[in-house]
Amino acid sequence: MESVKCVGALPYKCVGALPYKCVGALPYKCGGAREGAKAHLPVCLHTREVCLHTLPYSRVCSHSGVCLNKRREVPSRIREVRLRIVVFILLLIMCTILFKRSVSAEVSPTYPPLVSDNVTFAALAGKPSDNGALNNEFAKKQPVDPTLTALAALNGSGFIYQTEEDSLTGVPSRTFALSTLDNFTLKQNSGVLQLSSRIEQNIMLNAFRISVGMSFVTPNNMSDGVMDTFGGSSGVDELSNGCRSEDNSYYSTCEPYTTILLHFDSNFSDSSGYGHNVTATGAATAAANKFGGASAYFDGTGDYLNLASTNDLSFGSSNFTIEMWVKGGTNSGVGFGKGLLSQWQTDGEGLGNISNWSHYDSNYNDGYVGVVFDGRYVYFVPYHNGSSYHGDVLRYDTQGAFDNISSWSHYDSGYNDGYEGGVFDGRYIYFVPYSNGSYHGDVLRYDTQGAFNAISSWSHYDSNYNDGYRGGVFDGRYVYFVPNHNGSSYHGDVLRYDTQGAFDAISSWSHYDAGYNDGYYGGVFDGRYVYFVPNSNGSYHGDVLRYDTQGAFNAISSWSHYDAGYNDGYYGGVFDGRYVYFVPYRNGSSTHGDVLRYDTQGAFNAISSWSHYDSNYNDGYRGGVFDGRYVYFVPDYSNGSSYHGDVLRYDTQGAFDNISSWSHYDAGYNAGYFGGVFDGRYIYFVPYSNGSLYGDVLRYDTTGANRSFKLFYNAQDQSGGFAGAPWGVTFQFASGNTTYTLASNNSLNNAAFHHIAIVRNNTTIKLYIDGIEQDSISGFTGSINRSSQDLTIGSYPEAIKGYDGYIDEARVSKGIARYNGDFSSSLPSSPYAATNYDMTLGSVNTNVDIAPTKARLILFEEDVDTITVNTDLMAYVSNNGGENYYEVILSDEGNYQSGRRILTGTANLDTTGTDMKWKITTHNNKTCRLNGWSCTWD
């Protein structure tokens, strides 16, 4: 009997009418030894016996697999008719499928299915939300087979999906929403994944890539198995007369130079074409304004505006203009580093990092007490070289390398009188007279506008008050010399110089005996009051002397004093904008670290205004420095046993009496220092003695990588009586490892708005106030550092105090120097306005494997004005690197989100080439926004 073979594996079914097939996998046998069996057909078929059931064979066949059902003849004609019916039905089904695909393709064609078990989507860029995650904003709708199941994010973060119908194509789809912007994988248990020709999303992608397993399947419009989609700044080669916003959208018809424009009329929105998101903390709009309906008001206690870092603020080596109108508030003249507009960060973690510390031996071992920074140079105040008092000034150029001898110079002024402390009034440096063997009052002065080594730059004046002074204070007009000892006794006779008078005129000088003969060491100015730091009147004490600069100098009513009760002896002080810190030195029996603090918002004679904290670092300090957030206490002599370099630091953002707010670091240079100064980035500790007088300077870097620029307002000298620095409106910027400073060195009249502008014009950068140049840097060919720090308005980053006052019409312009000379006669007389321009946006070149003959553009467009497609907005593609462009006739495919639509179109490429480029142009001064794009080809 002949054997019959069928295709499949048990269990199998005989399915349907003739002819039927046994469905399964090889091999299996159906049937037995029956005459006439047809072994070449993969069917259970016998000429005389037929299986007419769809049940498993065990129900109708014998155990041997022989069909045992009712025997019946099936005429060959009937079999032929049935066969034709089946064929007809199959053809009908196929035609129906093809028709549906054709209709769908007319709306939005789909790619052929990818027959692979793993498909990887790599999303390389997008717009994260404020917390760095996308929060399901990142969504793509792709038609998929309903059997698609397992979904997993490569980074372990979850994402969701749901089945829905595409609103444009009617094709069932699933929406995949990522919770983070990372690569993810779609895995299929069975079926296939189909890729839509549209990628729908509510953000723009920088790059979008689809890879299929290890072998590439090439759907339509894909030349190499990779979907060539590019956008964002990395995919753009040309942007002419247009703007890119912070979410990588591109605007047409906006003034290309204005990157930030804040009118502050009723809100804090950015009116530039870049549309930056502005976050307000505490700040409010106020009725006081220069133009429009309002301005931004900051009360100085934590108010600020914040803009996320963006390339629009990366000036590099290009021209730029920063400008605003400002009006000071009640306390605008108080404090240090009140940020107006800055992109700068203090590196709070750097104190314990040895790489932030450096030192340099100047080889001038002369012993210095005090230091002055004039905006470029650091001057070390001469005192005693071990054998005699001297007047040999050491100077460091901050624009040179710290460890390069060429950055250092010195000059012997010839007045070997011994000085303690220095004061800077914006042009002149005053060296505070102390002792040349006898206490004296002969003041040395250097003109910073003259050559350092020219005798004509130096002068001196003998005030004839030979009382010996330790430290000086500048209040914006007057220099106060701090009384200490006159050779016979401690005293309180203050010497004062009026900087508006001639240096050598006796009428410019005055003095007043406050009557408290206690001996003081350093002073602090808080914007109104001068505080003289208590030291010793024979015994160490804590009796603070205060002068009210709004009162007459020689009126007893202008003077007061308060015994804080902590008789510990202090050397210098620091003011942080609210509190005055008195630097601990010695209490008579030993050195100590018990810091005394006064709250300037409290009554001077109220015990509640005073507090102290024992840091437990009883090392003895001389002088302090404030960098905008931290107070540094300068190390000197520990317990009378040894000099040291252990710096004590207090974080003003922490509680004064909390140990976690305090830290210290032993820099390893146990030498003893006397005073310090901050140049905007570095703190310089003044070398005094390590047992013998020396000149080894210690330096600390307060910043990390996030330093670019800062525009701020400084009160006058805030360095505790032993140091001076620029004040008034100041602009600093970083280029590489160098910090540059421009300072106005004058106070602003708080009764009016003042225009401030910083302008780079090629190699010159200038600071203007009310259109008049205040300071400049020439011959600068460098590039300003890029910072990832957010832009802050109204506060210095991380500062305890911010700017107190009003800011109106703030504008940042990149690529243009708007003012090239004094413009006081042509100050802006109306709100800034952006000029409209048309835009050309062009892609980078993308090389493909096979020369394409057709290209398709997909644009995600948002109307601002009413846009007529192919008139106000036009698109082009090229396959020879832009030598020939072919217009893409765009059509509106509908909205993918409210107010945002998809525009698509194709173009035939008549030239031969493999360098793909596209460009988009706008016309007729119509404003639109491009949120994303895709270019594919075949």
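**Figure 1. Burial and overall make-up of the protein chain.** Of the 938 residues in the protein chain, 56% are buried. The model shown is predicted. The chain contains 1 helix and 68 strands. Among contacts with a separation of 6 or more, 64% are between residues 24 or more positions apart. The protein chain exposes about 36,600 Å², and 46% of this area is supplied by carbon and sulfur atoms.

**Figure 2. The largest nonpolar core and a second core.** The largest nonpolar core comprises 41 residues. Those with the most contacts inside this core are I322, L711, F731, F733, I758 and I807. Strand β19, which spans residues 320-328, gives the most to the core, contributing 4 residues. Another core, of 27 residues, lies apart from the largest one; M839, L890, A907 and I920 are among its members.

**Figure 3. The surroundings of F731.** Residues up to four places away in sequence are not counted in this view of the contacts of F731. F731 touches F320 and I322. Its other contacts are F709, K710 and L711, together with Y740, T741, L742 and I758. F731 is also one of the residues with the most contacts inside the largest nonpolar core, as are I322, L711 and I758.

**Figure 4. An open sheet of 7 strands.** The strands follow the order β15-β18-β58-β20-β51-β53-β54, and their pairing is antiparallel. At the edges stand β15 (278-281) and β54 (738-743). Each of these edge strands has a single partner strand, so one side of each is left without a neighbour in the sheet. From one strand to the next, the twist averages 20°.

**Figure 5. The pairing of β51 with β53.** Strand β51 covers residues 703-714 and strand β53 covers residues 728-735. The two strands run antiparallel and are joined by 6 bridges. F709 has F733 in β53 as its bridge partner. F733 is, in addition, among the residues with the most contacts inside the largest nonpolar core.

**Figure 6. The salt bridge between E420 and R470.** In the whole structure, 18 salt bridges are found. In the one formed by E420 and R470, the closest N and O atoms are 3.1 Å apart. E420 belongs to strand β26 (residues 419-424) and R470 to strand β30 (residues 469-474), so the pair ties together parts that are 50 residues apart in sequence. Both E420 and R470 are buried.

**Figure 7. The salt bridge between D447 and R427.** The side chains of these two residues meet at 2.8 Å, N to O. D447 lies in strand β28 (residues 442-447), whereas R427 lies in the loop between β26 and β27 (428-433). The pair thereby links distant parts of the chain, 20 residues apart. D447 has a relative accessible area of 14% and is therefore buried, the limit for burial being under 20%. R427, at 31% relative accessibility, counts as partly exposed.

**Figure 8. The salt bridge between K766 and E773, and a salt-bridge network.** K766 forms a salt bridge with E773, in which the closest N and O atoms are 3.3 Å apart. E773 has a relative accessible area of 32% and is partly exposed. Elsewhere, E861, D863, D892 and R901 are joined into one network by salt bridges that share partners.

Technical notes:
Residues are numbered from 1 along each chain as its sequence is written. This is a predicted model: local features need pLDDT of at least 70, side-chain atom pairs count only at pLDDT 80 or more; totals for chains, interfaces and linings use all residues. Side-chain values use heavy atoms; hydrogens and water are left out. A nonpolar core is a set of buried Ala, Val, Leu, Ile, Met, Phe, Trp, Tyr and Cys residues joined through side-chain atoms within 4.5 Å. Buried means under 20% relative accessible area, exposed over 50%, partly exposed in between (1.4 Å probe, protein chains only). Contact means heavy atoms within 4.5 Å. Two strands pair if DSSP finds at least two bridges between them. Axes are lines fitted to C-alpha atoms, for helices over the stretch in contact, and angles run from 0 to 180 degrees between N-to-C directions. Accessible areas come from the Shrake-Rupley method with a 1.4 Å probe; for residues, only the protein chains shown count as cover. A salt bridge is a side-chain nitrogen of Lys or Arg within 4 Å of a carboxyl oxygen of Asp or Glu.
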